[in-house]
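Q: Please take a close look at one part of this model, and then relate that part to the rest of the chain. A single connected account would be preferred.

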Amino acid sequence: MRLILLPDRPGDDCGGAKLVRADLARLEPRDDDLIVVRTATPVETSGFVRISAPNRRSPRRVSNLARRRVSFEATRQELEPFLAGEYEEIFCGGVELYRATRAVFPTQHLTVRLHNLFSLVQSRRRVLRYPVDPVFAINLA
């Protein structure tokens, strides 16, 4: 049994949803896999366990920024109730899920997908003077 943690729902409407769709296609989930999707929007997640993520106006996002973490980072308390059991493989689909997953499974090997979201924007910001909003600027720092 594998645990697949995804930072968004699969779809076509935004970059994160496209990455999740590509991850699911590559991982080819089996019937016994537990797939956990973390999203702020209540959407149909048939076949998945949905964990609610904080919305844009959440005080927790501000708290995460103050601690120099990704504003939408998950907590151990959010994930732990859904992750009981032993898994032969754990796929963590985003940096915002890593710390919480590592806290729940401190000794287990994790496969983590990191993407260039921050480095790409930081490069564009330096070279092209690409504008970003204040919250994203703190995340970049």
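A: **A loop tyrosine and its setting**

Tyr 130 is located in the loop that runs between α5 (117–128) and α6 (134–140). The model is a predicted one, and the confidence in it should be stated at the outset. The mean pLDDT of the protein chain is 81, and 93% of the residues reach at least 70. Among the elements of the chain, α6, which follows this loop, has the lowest confidence, with a mean of 74, whereas β4 has the highest, at 92.

Tyr 130 has a relative accessibility of 38% and is therefore classed as partly exposed, since that class lies between the buried limit of 20% and the exposed limit of 50%. Together with Val 127 and Leu 128, Tyr 130 makes up a nonpolar surface patch of about 340 Å².

The surface patch may be set beside the interior. In soluble globular proteins, nonpolar side chains tend to be buried together. The largest nonpolar core of this model has 16 residues, and those touching the most other members are Leu 3, Leu 5, Val 36, Leu 83, Tyr 87, Ile 90 and Phe 105. At least two residues of this core come from each of β1 (2–6), β2 (34–39), β4 (89–92) and α4 (95–104). The greatest contribution is that of α4, which provides 3 residues. A separate second core comprises 8 residues, among them Leu 6, Leu 24, Leu 27 and Phe 91.

Tyr 87 shows how the largest core is joined to its surroundings. Neighbours within four places in sequence aside, Tyr 87 contacts Met 1, Arg 2, Leu 3, Leu 34, Phe 82, Phe 105 and Gln 108. Of these contacts, Leu 3 and Phe 105 are also listed among the core residues that touch the most other members. Arg 2, another contact of Tyr 87, belongs to a salt-bridge network that also links Arg 30, Asp 32, Asp 33 and Glu 88.

Within that network, Arg 30 and Asp 33 pair through their side chains, with an N to O distance of 3.7 Å. Arg 30 is partly exposed, at 37% relative accessibility, while Asp 33 is buried, at 10%.

The model contains 9 salt bridges, and Asp 23 takes part in bridges to two arginines. One partner is Arg 26, with the closest N and O atoms 2.8 Å apart; Asp 23 and Arg 26 both belong to helix α1 (residues 15–27) and are 3 residues apart, about one turn of the helix. The other partner is Arg 113, with the closest N and O atoms 2.6 Å apart. Because Arg 113 lies in the loop between β5 (110–112) and α5 while Asp 23 lies in helix α1, this pair ties together parts that are 90 residues apart in sequence. Asp 23 is buried, with a relative accessible area of 3%, and Arg 113 is likewise counted as buried, at 13%.

The account thus returns to α5: the loop holding Arg 113 lies between β5 and this helix, and the loop holding Tyr 130 lies between this helix and α6. For a contrast in accessibility, Gln 77, in helix α3 (residues 76–79), is exposed, with a relative accessible area of 61%. The C-alpha atom of Gln 77 is separated by 13 Å from that of Tyr 98, 21 residues away along the chain.

Methods
Residues are numbered from 1 along each chain as its sequence is written. This is a predicted model: local features need pLDDT of at least 70, side-chain atom pairs count only at pLDDT 80 or more; totals for chains, interfaces and linings use all residues. Side-chain values use heavy atoms; hydrogens and water are left out. Patches are made of residues with over 30% relative accessible area and no salt bridge: like charges are joined within 9 Å, nonpolar side chains (Val, Leu, Ile, Met, Phe, Trp, Tyr) within 5 Å. Accessible areas come from the Shrake-Rupley method with a 1.4 Å probe; for residues, only the protein chains shown count as cover. A salt bridge is a side-chain nitrogen of Lys or Arg within 4 Å of a carboxyl oxygen of Asp or Glu. Helices (H or I, at least four residues) and strands (E, at least two) are DSSP runs, numbered from the N terminus. Buried means under 20% relative accessible area, exposed over 50%, partly exposed in between (1.4 Å probe, protein chains only). A nonpolar core is a set of buried Ala, Val, Leu, Ile, Met, Phe, Trp, Tyr and Cys residues joined through side-chain atoms within 4.5 Å. Contact means heavy atoms within 4.5 Å. pLDDT is the predictor's confidence in each residue, from 0 to 100.
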